[in-house]
Amino acid sequence: MQYHKQDRGILSSEDEWDLIVVGGGATGLGTALDAASRGFRTLLLEQSDFAKGTSSRSTKLVHGGVRYLAQGDISLVYQALKERGRLQVNAAHLVSKEEFIIPCFNWFSVAKYLAGLKMYDWLSGKYSFGKSRFLSRKEVCEKIPGLDDKGLLGGISYFDGKFDDARLAVNIAQTCMEQGGTVLNYVKVTGLLKDINGKVSGVRVVDVLGEKEYKLNSRAVINATGVFVDDILQMNTPDAEKLVRPSQGVHVVLDQSFLDSETALMIPETSDKRVLFAVPWHSRLLVGTTDTPIETQSLEPRALEEEIDFIISTASQYFKKDVTRKDVLSVFAGLRPLAAPGKNDTNSTKEISRDHKLIVSDSGLITITGGKWTTYRKMSEETVDEAIRTANLGDRPCVTKDLKIHSSEVSTLESHLKIYGTDRLIIEGLVKENPDWNVRLHPKFPNIKAEVILAVRNEMAYTVEDVLARRLRILFVDVRAAIEMSGEVARLMALENGSNSDWIAEQMEEFRLIASQYLLEPFIEKEEILITK
């Protein structure tokens, strides 16, 4: 069996790296993979877990961006549709085609959305996921039984992509390692090193797990820290103007019975003129998102009451069954690193660029921000091309257009293990190693103990939250179930990493505190007993 083991001792090395990438989200991981696959000596550093921030909190869409087409940004949509097609081929185990339906209540809406989506189809070209078409009222109701059909004329069906964001991040990290790169989570950059000419020559870091400080030398340093890019920029220039205006997006997760469908719903214009999706995901229904400008960044942003109420009330307008707070299985917030419009202040995130910005400081620090998951590969290619020019690394062609992501396979498997791709064979091997690992972690979920062992041995998971939030995704779809299985997860992890009962207790308490932010209703006594048991 092939395992991906991190060598944290490499932090003690005085050798010079070609590139150090700071940030373990979509863009940072993609940049590290691009660089490593070109043959550059590459190190990626993430202060927490991979995709801990924005990159695990998306609407789970791999898409061209119907909304951006309506805004006339044809080139952005065209490029995103091309990348959507590539990602579906290169990460076939995680990216799937999804049918979306836009409900229409008058013929003007039918004409407007069908015309726009025919343009969307045309732009996708050979990367098409399927053709859009008009559906009668009866056809819409058959496809989405839970949709309120009062006043419904029909709908427009179109196709886009759906994926598991955090699992893709982990698989990209593994692919980077297979290409010769080094990726380390829980290593925080605390400062930049500069040579006598004021050029960036490396970074100061703290190994969060080992609590040791190191200095690492590199020919190029890339700042790909998402909403935290300004922190790194201010290490470079203390009075640097802010590059990012964060926007918060909130999602609520409901039981899939609310729509009773595998087809997704797209509400093209809510009361505040935004877009809302209801997407079947991991046997639940993901509804979102909001778009709220905020001023502060956090690894664990909290949903605002008005955002939650907006999603619940909007969903209730379109669902046959009203949504209440008690129906919410999980609520999570993410921060989009939208590129700020310079000195022209605005509070509307609609006016802040969704496209990306690539900037080279006078010191040679390279910063990449903005963009979205769908276009991560193209952004990464452009970033490494810039690093080659800035640091004189020597021209080497990009190879990621056709590079398969770790574990990718085309499969018709009807099992939750499908998202593991070829790594499901490792899980099967673990079950043979210890039949007890074939036991479910929770009666509501198909996940088994062997998946926790895999997360520790092969997926660089160090905490209970790493496992339940970003390897198994349970925290994001059912908070109470995640809390109930946290004790068993902690015990399994402790057996693997040699930790004692104190570590188990600490992990359970830390997870409870994090999980409480994903709940709308307080813990009941039964849950408290399960946590402290």
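1. In this predicted model, helix H1 meets helix H6 through a set of residues that can be picked out one by one: on the H1 side they are Leu29, Gly30, Ala32, Leu33 and Ala36, and on the H6 side they are Ala169, Ile172, Ala173, Thr175 and Cys176. Sorted by class, this contact of H1 with H6 has eight nonpolar and two polar residues, with no charged residues.

2. As for the geometry of this pair, H1 and H6, the latter spanning residues 165-178, pack with their axes 9 Å apart and at an angle of about 20 degrees. Because angles under 35 degrees count as roughly parallel, H1 is described as roughly parallel to H6. The crossing of H1 and H6 is left-handed.

3. Turning to internal space, the structure holds three cavities of 30 Å³ or more, and in the largest cavity there is about 130 Å³ of space. The lining of this largest cavity is made up of 14 residues, and those that lie nearest its centre are Asn90, Tyr376, Arg377, Thr400 and Ile405.

4. The elements that give two or more residues to the lining of the largest cavity are H1 (26-37), H3 (74-90) and H9 (376-391), so that H1, which also meets H6, has a part in this lining as well. The largest share, four residues, comes from H3.

5. The lining of the largest cavity is mixed in class, with five nonpolar, five polar and four charged residues, whereas the contact of H1 with H6 has no charged residues.

Key:
Residues numbered from 1 in each chain as written. Predicted model: local features only at pLDDT ≥ 70, side-chain atom pairs only at ≥ 80, totals over all residues. Heavy atoms only, no water. 1 Å grid on protein atoms, 1.4 Å probe; cavity = no way out; pocket = protein on both sides within 12 Å on 5 of 7 lines; lining within 4 Å. Points joined across faces, edges and corners; volume = space filled by probe spheres on them. Nonpolar A, V, L, I, M, F, W, Y, C, P; charged D, E, K, R; others polar. Axes fitted to C-alpha atoms, helices over the stretch in contact; angles between N-to-C directions. Parallel < 35°, antiparallel > 145°, perpendicular 65-115°, else oblique. Left-handed = near helix turned anticlockwise from the far one by under 90°. Contact = heavy atoms within 4.5 Å.
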